[in-house]
Amino acid sequence: MERVLEPEVMDTWEDAVEYDAMDFVEVNTAFAESAIALGPQAGTILDAGTGTARIPIIISQRRPEWHITAIDLSENMLKVGAQNVQQAGCEAQIQLDFVDAKQMPYPDDRFDFVISNSIVHHLSDPMPFFRELKRVLKPNGGIFLRDLMRPADVATVDGLVARIGEEYNEYQTKLFRDSLFASFTLPEVRQMLADAGLSGVEVYASSDRHWTAQRSWQPER
């Protein structure tokens, strides 16, 4: 099945509010716990494409020693995220930055750990992001990326969409369907990471609809 692009930035207020209202508590918590298991006890963390900052909030409540720089290219997502961070009392641990993940202002070797949930399928070409990830990450740094995986055919897309539940409204269902078409296959992800020079990264199907790419943080020698 050919890839069908969707907008890179979900920048309307409706996009931000509808996205934030979707029930991702279970998957966000699973993502946070997996990231914590791979990361350092304390350190500088980059969350690329943070959306409304739900994942860094969960992480901060479990890893108060992490300082998280959470970036997004949607001002409205960050506005909702700022409200969420304030309500959670995590302002001291989470810094929200309006930054393009494909062209970051941070110095080389800045971060101990880079995480990202569902940014890759929004990018028409993820290679600039992967190269920037490698640049800002310390040589011993950890990686935890997760995103949707493009199915082989439309029938599989229809089946996945049919199973998401009635709690999703029509707009939210369309977002999910469009994202499946815009996603990458497992071989495509593996090739892009290799081309970006990101070594030692395990890439695997972590569900019937997700791929995960991970590399554990290692102490500096």
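These legends walk through a predicted model of one protein, view by view.

**View 1. The whole chain, with its 8 helices and 7 strands.** Start here to get your bearings. The C-alpha trace spans about 50 × 40 × 30 Å along its principal axes. A compact globule of 221 residues would have a radius of gyration near 17 Å, and the protein, at 17 Å, agrees with that. Of those 221 residues, 53% count as buried. Take the contacts in the protein with a separation of 6 or more: 77% of them come from residues 24 or more positions apart.

**View 2. The outside of the protein, about 10400 Å² of exposed area.** Carbon and sulfur atoms supply 50% of this area. As for charge, there are 20 positive and 35 negative side chains. The centres of the two sets lie 6 Å apart.

**View 3. Helix 8, residues 186-195, and its buried side.** Which residues of helix 8 are buried? They are Leu186, Val189, Met192 and Leu193. These four cover an arc of only 130° around the axis, so they sit on the same side of helix 8. It helps to recall that an α-helix has 3.6 residues a turn, so residues three or four places apart point the same way. On the face turned away from the buried side you'll find Pro187 and Ala194, which are exposed. And what do the buried residues of helix 8 pack against? Their partners are helix 5 (127-136), strand 5 (137-148), strand 6 (202-205) and strand 7 (210-215). Just after helix 8 comes glycine 197, with a positive phi of about 80°.

**View 4. Helix 5, seen from the partner's side of the same packing.** The buried residues here are Met127, Phe129, Phe130, Glu132, Leu133 and Val136. Note that a glutamate, Glu132, is on that list. Helix 8 turns up again, this time as one of the elements that the buried residues of helix 5 pack against. The others are strand 1, strand 4 and strand 5.

**View 5. The loop between strand 4 and helix 5, home of isoleucine 119.** Is isoleucine 119 buried or exposed? It is buried, because its relative accessible area is 11% and the cut-off for buried is under 20%. Leaving aside neighbours within four places in sequence, isoleucine 119 is in contact with Ala48, Gly49, Ala101, Phe129 and Asp147. Phe129 is one of the buried residues of helix 5 from the view above. Asp147 is 28 residues along the chain from isoleucine 119, and their C-alpha atoms are separated by 7.1 Å. Serine 118 is found in this loop too. Serine 118 isn't a glycine, yet it has a positive phi of about 65°.

**View 6. Alanine 53, in the loop between strand 1 (43-48) and helix 3 (54-62).** Here is another residue that is not a glycine but has a positive phi, about 65°. Alanine 53 has 0% relative accessibility, so it counts as buried.

**View 7. Threonine 173, a residue of helix 7 (170-182).** With 22% relative accessibility, threonine 173 counts as partly exposed. Setting aside neighbours within four places in sequence, threonine 173 is in contact with Val161, Ile164 and Tyr168. Alanine 162 is 11 residues away along the chain, and the C-alpha atoms of alanine 162 and threonine 173 are separated by 9.1 Å.

**View 8. Glutamine 41, in the loop between helix 2 (25-38) and strand 1.** Glutamine 41 is partly exposed, with a relative accessible area of 48%. What does glutamine 41 touch, not counting residues up to four places away in sequence? It touches Arg63, Glu65 and Trp66. Proline 107 is 66 residues from glutamine 41 in sequence and 22 Å from it in space, C-alpha to C-alpha.

**View 9. Proline 105, in the loop between strand 3 (94-98) and strand 4.** At 59% relative accessibility, proline 105 counts as exposed. The C-alpha atoms of proline 105 and glutamate 132, 27 residues apart along the chain, are separated by 9.9 Å. Glu132 is already familiar as one of the buried residues of helix 5.

Conventions. Residues are numbered from 1 along each chain as its sequence is written. This is a predicted model: local features need pLDDT of at least 70, side-chain atom pairs count only at pLDDT 80 or more; totals for chains, interfaces and linings use all residues. Side-chain values use heavy atoms; hydrogens and water are left out. Helices (H or I, at least four residues) and strands (E, at least two) are DSSP runs, numbered from the N terminus. The radius of gyration is taken over C-alpha atoms; the globule rule is 2.2 Å times the number of residues to the power 0.38. Buried means under 20% relative accessible area, exposed over 50%, partly exposed in between (1.4 Å probe, protein chains only). Contact means heavy atoms within 4.5 Å. Accessible areas come from the Shrake-Rupley method with a 1.4 Å probe; for residues, only the protein chains shown count as cover. Lys and Arg count as positive and Asp and Glu as negative; His and the chain ends are not counted. The place of a charge is taken as NZ of Lys, CZ of Arg, CG of Asp or CD of Glu. The arc is that of the directions from the helix axis to the C-beta atoms.
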